[in-house]
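Open the model in your viewer and keep the selection tool to hand. The tour goes from stop to stop, with something to select at each.

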Amino acid sequence: MNEMIKTIQNHRSIRSFLDKDIEDDLLDDIIQSAQAMPNSINGQQTSVIVIRKKETKARIAELTGGQKWIDDAPVFLVFVMDFYKTRLAAEKNGLKQVIQESVEGTMVGTFDAGLNMGGAIISAESLGLGIVPIGGVRKNPEDIIELLGLPEYTFPVAGLAIGYPLDPSHKKPRLPQKAFRHDEKYNVEGLKEAIDQYDSEMKSYLSEIGRQQEGNWSQYTSNIYQNVYYPKVYPVLKQQGFQNDK
Ligand SMILES: Cc1cc2nc3c(=O)[nH]c(=O)nc-3n(C[C@H](O)[C@H](O)[C@H](O)COP(=O)(O)O)c2cc1C
């Protein structure tokens, strides 16, 4: 197994950071890796807001529901779905951009932002840094949009807190691979057993790390998925020009 694969497979989210800044050249490499990822039609519909200011991080920590690790991390990146710059390209060519009105546009923009974040995660972890992605930026997206000055046709998809890890954290087990990998065709057989197996593994894991109150994977996940936990996403997407009606 090469070092790159070892780094990827050793991933764990880090939520406690040392009070130590990230050197500019390391951050430049992380951002460049994020930008190097593949993207749909080479439209490059992602932008990244780099936040180092303490006050801004504190405000984002508040807006995401009190996620203290955003405050503690020296750097917070916000990955933005960005059809504003492609709209400028359309105007330059005297054309009308409509892709942002479609579900396809939102899928392209969010998927690409995720790939960009993946590049940032792998490169940050390869440098010995720790990360945690933050979907919580979608809890109060209108405030994040205002705080970061995001124009129309943009939307904050997710954030990434980066810093030097205070402790190595625990590697969270994943579902058995048969619940992830399907050869040639989707195979429903064995999925329920895989979930049972993982539930008992997660129950032990959670009690080992003192979070037994979360129960197991199926309890925790189905509890969250009973609700649309970020209900502002749809109305704020529409306000930003992403009608999602096509
Ligand atoms: C898109 C995305 C959004 C996430 N949002 C949050 C978040 O708001 N707060 C948080 O503490 N963790 C967040 N996480 C981290 C997940 O909880 C974590 O990746 C998952 O539990 C698996 O654990 P691991 O990363 O340690 O393997 C997010 C992860 C992803 C990929």
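In which hand does α2 pass α6, left or right? The crossing is right-handed. (A crossing is left-handed if the near helix is turned anticlockwise from the far one by less than a right angle, and right-handed if clockwise.)

Two notes before you select anything. Residues are numbered from 1 along each chain as its sequence is written. The model is predicted, so local features need pLDDT of at least 70, side-chain atom pairs count only at pLDDT 80 or more, and totals for chains, interfaces and linings use all residues.

**Stop 1: the helix pair**

Select α2, residues 24-35, and α6, residues 103-126. Helices (H or I, at least four residues) and strands (E, at least two) are DSSP runs, numbered from the N terminus. The axes of α2 and α6 come within 7 Å and cross at roughly 145°. Axes are lines fitted to C-alpha atoms, for helices over the stretch in contact, and angles run from 0 to 180 degrees between N-to-C directions.

Now show the side chains where they meet. From α2, pick Asp29, Ile30, Ser33, Ala34 and Gln35. From α6, pick Asn116, Met117, Gly119, Ala120, Ser123 and Ala124. Contact here needs C-beta atoms, placed from the backbone, within 7 Å. Colour the contact by class: 5 residues are nonpolar, 5 polar and 1 charged. (Ala, Val, Leu, Ile, Met, Phe, Trp, Tyr, Cys and Pro count as nonpolar, Asp, Glu, Lys and Arg as charged, and the others, Gly among them, as polar.)

Stay on α6. How far apart are its end C-alpha atoms? They are 35 Å apart, which agrees with the 34 Å that its 24 residues should span at 1.5 Å a residue. The expected span is 1.5 Å times one less than the number of residues. Step just past α6 to Gly128, where phi is positive, about 85°.

**Stop 2: the ligand**

Select the ligand and show what surrounds it. The shell includes His11, Arg12, Ser13, Arg15 and Gln67. Val132, Pro133, Ile134, Gly135 and Gly136 are also among the surrounding residues, as are Ala158 and Lys172. A residue counts as near if its C-beta atom, placed from the backbone, lies within 6 Å. Which element gives the largest share of this shell? Strand β3, residues 130-134, supplies 3 residues. By class, the shell has 4 nonpolar, 5 polar and 3 charged residues.

**Stop 3: two positive phi angles**

Most residues other than glycine have a negative phi. Select Gln44, in the loop between α2 and β1. Its phi is positive, about 50°, although Gln44 is not a glycine. Gln44 is partly exposed because it has 16 C-beta neighbours inside 10 Å. (A residue is buried if 20 or more other C-beta atoms lie within 10 Å of its own, exposed if 12 or fewer, and partly exposed in between; C-beta atoms are placed from the backbone.)

Next, Tyr153, in the loop between α7 and β4. Tyr153 has a positive phi of about 65° and is not a glycine either. Is Tyr153 buried or exposed? Its 23 C-beta neighbours inside 10 Å make it buried.

**Stop 4: helix α8**

Select residues 191-208 for α8. The 18 residues should span 26 Å, and the end C-alpha atoms lie 25 Å apart, which agrees. Zoom in on Gln197, which lies in α8. The C-alpha atoms of Gln197 and Pro176 are 7.9 Å apart, with their places 21 residues apart in sequence.

Leu206 also lies in α8. Beyond neighbours within four places in sequence, Leu206 is in contact with Arg211, Gln212 and Glu214. With 18 C-beta neighbours inside 10 Å, Leu206 is partly exposed. Just after α8, Gly210 takes a positive phi of about 75°.

**Stop 5: α4 and a last loop**

Pick Asp71 in α4, residues 68-72. Leaving aside neighbours within four places in sequence, Asp71 contacts Lys57, Ala58 and Ala61. Asp71 is partly exposed, with 17 other C-beta atoms within 10 Å.

Finish at Pro231, in the loop between α9 and α10. Pro231 counts as exposed because it has 10 C-beta neighbours inside 10 Å. Add Lys139: it is 92 residues from Pro231 along the chain, yet their C-alpha atoms are separated by 7.7 Å.

Conventions: Two residues are in contact if their C-beta atoms, placed from the backbone, lie within 7 Å.
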